[in-house]
2 protein chains.
Amino acid sequence: MTTINRRDLVKMIGGAGAGVAATLAVRPGTARAAATPPAPNPQVLPWPYKPLDPEAIAQRATDSYYKAECMYGSFEAIVGATAEQLGAPYKDFPFLMMKYGGGGINGWGTICGALSGAAAAFQLLSPKPDGLIDAIFVWYESTALPDFLPKGAKFPEIRSVSGTPLCHTSISKWCAAAQKTTYSPERRERCGAIAGAVARKAVLLLNEQAAAKPITTALPAVAQNCMSCHERGGALENSRGKMNCGGCHSPMLGKHPAGV
Amino acid sequence: MTTINRRDLVKMIGGAGAGVAATLAVRPGTARAAATPPAPNPQVLPWPYKPLDPEAIAQRATDSYYKAECMYGSFEAIVGATAEQLGAPYKDFPFLMMKYGGGGINGWGTICGALSGAAAAFQLLSPKPDGLIDAIFVWYESTALPDFLPKGAKFPEIRSVSGTPLCHTSISKWCAAAQKTTYSPERRERCGAIAGAVARKAVLLLNEQAAAKPITTALPAVAQNCMSCHERGGALENSRGKMNCGGCHSPMLGKHPAGV
């Protein structure tokens, strides 16, 4: 038998965190039961988001890019900064999982990892992520990027418009504009800056939404024209997607049926 | 002052899990200090993986698809089942974050969400995820899918070869084979089955790797031919990616410079 007072008990289990507090709190008849908030549950989405500094997050994303690639870069900067504000158990998130998205997923050239990381962050931190995803994808397709110059950049800033959210095309278009090869150090620095640019834009959008500003996005007119036949409710309805069709299909347009 | 024995103490804090055990264990001078393993840290990758049942995981992925789309479907089935084996704090992972990947990321038609979920799961659970990602992407591009028929399927099984890991093209090719529209209930059921098929393949690969079997993958010969000029070390080196080029570029091949 051990003799122990309440203070000793709390001291003994002090490092165990909110789970213990909750266990003690719900014991019937204790005075603290009503006052103790529930233990935070990181499975409940969205996580509480407090506006972040876009410039600081941009630099953090570029820095993280050099640790584990582009998707980790944008995601870790936004969600890592938020998790640090929230503390445990949010900080338990396995951030390095996002390394998989590097180079359009392990170098496959599919979705730009910086965009994918931002989209995942939106789903985690926003009550209405869909509009934010659409907004950042359209912005990425249509904006000369990267529009962020990281500290310590070694090469001249060169921007290009990707016309697509896909890594492969985005990289090839930049390399054509910069007259650099796809595995050059200049291209690698460019993708680090892209991680920063995308993370900054993502934070700007999250902050706008948190301030109850409306987020509206329109797909490009040329894509809307294609989609009027090929997408939902069109005469053909044989396509699903929101990418700007011309990002891949421009060489086909000469063969397209007349009258469209 | 409260009188309490050790058994009561353990009973009181029983719901608090490993954190408490560790806190008690590291108190200096206790006999258990050396024997207690450190508290598990879900940030340390890979998470401990124990082989799963591919058929059960396939069905779980399809069921999860109907909760939060394709990326959630494959990821939740594989990682959720693993997290249940591992317990807290692994189960804290915010699984619903993966909803963002639905329809190639919020309907954009980029990377197939089922594939993206599998790739994320590989990064989380495998000591060597890169080879697994390549293996499942090549399999997805070249196999008639879905090769999994979920319980309760309402429509006849129809398979197609996507030729690409991208959602938009994968869906359009299946719709052409099935003569169904892209927003039909048949197409939706097909994507649920794709989530199951991909999750099953992912578990087979994880189990093979866990059994120390070699995982080897070769990109299609036609893609290797393109890449010999356009990819790393080629005369042009103006592309980055591993996708089968013909998935998007086949209409361009008639215009390609002669001699290739």
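An axis is a line fitted to C-alpha atoms, for helices over the stretch in contact, and an angle between axes runs from 0 to 180 degrees between N-to-C directions. The exercises concern a predicted model, in which local features need pLDDT of at least 70, side-chain atom pairs count only at pLDDT 80 or more, and totals for chains, interfaces and linings use all residues. Residues are numbered from 1 along each chain as its sequence is written, chains are lettered from A and ligands numbered from 1 in the order in which they are written, and side-chain values use heavy atoms, with hydrogens and water left out.

**Exercise 1. Describe how α3(A) and α7(A) pack.**

Step 1. Helices are DSSP runs (H or I, at least four residues), numbered from the N terminus. The axes of α3(A) and α7(A) are 7 Å apart, and the packing angle is about 130°.

Step 2. Angles under 35 degrees count as roughly parallel, over 145 as roughly antiparallel, 65 to 115 as roughly perpendicular and the rest as oblique. α3(A) and α7(A) are therefore oblique to each other.

Step 3. A crossing is left-handed if the near helix is turned anticlockwise from the far one by less than a right angle, and right-handed if clockwise. The crossing in which α3(A) passes α7(A) is right-handed.

Step 4. Ala, Val, Leu, Ile, Met, Phe, Trp, Tyr, Cys and Pro count as nonpolar, Asp, Glu, Lys and Arg as charged, and the others, Gly among them, as polar. The contact of α3(A) with α7(A) has 16 nonpolar, five polar and six charged residues.

**Exercise 2. Describe how α6(A) and α7(A) pack, and name the residues that meet.**

Step 1. The angle between α6(A) and α7(A) is about 125°, and their axes are 11 Å apart. These two helices, α6(A) and α7(A), are therefore oblique to each other.

Step 2. α6(A) passes α7(A) in a crossing that is right-handed.

Step 3. Contact means heavy atoms within 4.5 Å. From α6(A) come Ser170(A), Ile171(A), Trp174(A) and Cys175(A), which meet Glu186(A), Arg187(A), Arg190(A) and Cys191(A) of α7(A). By class, this contact has four nonpolar, one polar and three charged residues.

**Exercise 3. Determine the orientation of α3(B) relative to α4(B).**

Step 1. The axes of α3(B) and α4(B) come within 6 Å and cross at roughly 25°. That makes α3(B) roughly parallel to α4(B).

Step 2. The crossing of α3(B) past α4(B) is right-handed.

Step 3. Among the residues in contact are Cys70(B), Met71(B) and Phe75(B) of α3(B), and Gly113(B), Ala114(B) and Leu124(B) of α4(B). The contact of α3(B) with α4(B) has 11 nonpolar, five polar and no charged residues.

**Exercise 4. Locate the cavities and describe the linings of the largest and the second largest.**

Step 1. On a 1 Å grid over the protein atoms alone, a cavity is a set of points where a 1.4 Å probe fits but cannot get out, and lining residues have an atom within 4 Å of a point. Grid points are joined across faces, edges and corners, and a volume is the space filled by probe spheres set on the points. The structure holds three cavities of 30 Å³ or more.

Step 2. The largest cavity contains about 120 Å³ of space. It is lined by 17 residues, and the closest to its centre are Cys70(B), Cys112(B), Cys167(B), Ile171(B) and Cys191(B). α7(B) gives the most to this lining, with four residues. The lining of the largest cavity has nine nonpolar, four polar and four charged residues.

Step 3. The second largest cavity has a volume of about 100 Å³. Of its 15 lining residues, the closest to its centre are Cys70(A), Cys167(A), Ile171(A), Arg190(A) and Cys191(A). α7(A) gives the most to the lining of the second largest cavity, with four residues. By class, this lining has eight nonpolar, three polar and four charged residues.

**Exercise 5. Find and place two cis peptide bonds and a positive phi.**

Step 1. Most residues other than glycine have a negative phi, and most peptide bonds are trans.

Step 2. The bond from Leu145(A) to Pro146(A) is cis, with omega near 0°. Pro146(A) lies in the loop between α5 (129–142) and α6 of chain A.

Step 3. The bond from Leu45(B) to Pro46(B) is cis, with omega near -10°. Pro46(B) belongs to the loop between α2 (18–25) and α3 of chain B.

Step 4. Glu69(B), a residue other than glycine, has a positive phi, near 80°. Glu69(B) lies in helix α3 of chain B.

Key
1 Å grid on protein atoms, 1.4 Å probe; cavity = no way out; pocket = protein on both sides within 12 Å on 5 of 7 lines; lining within 4 Å.
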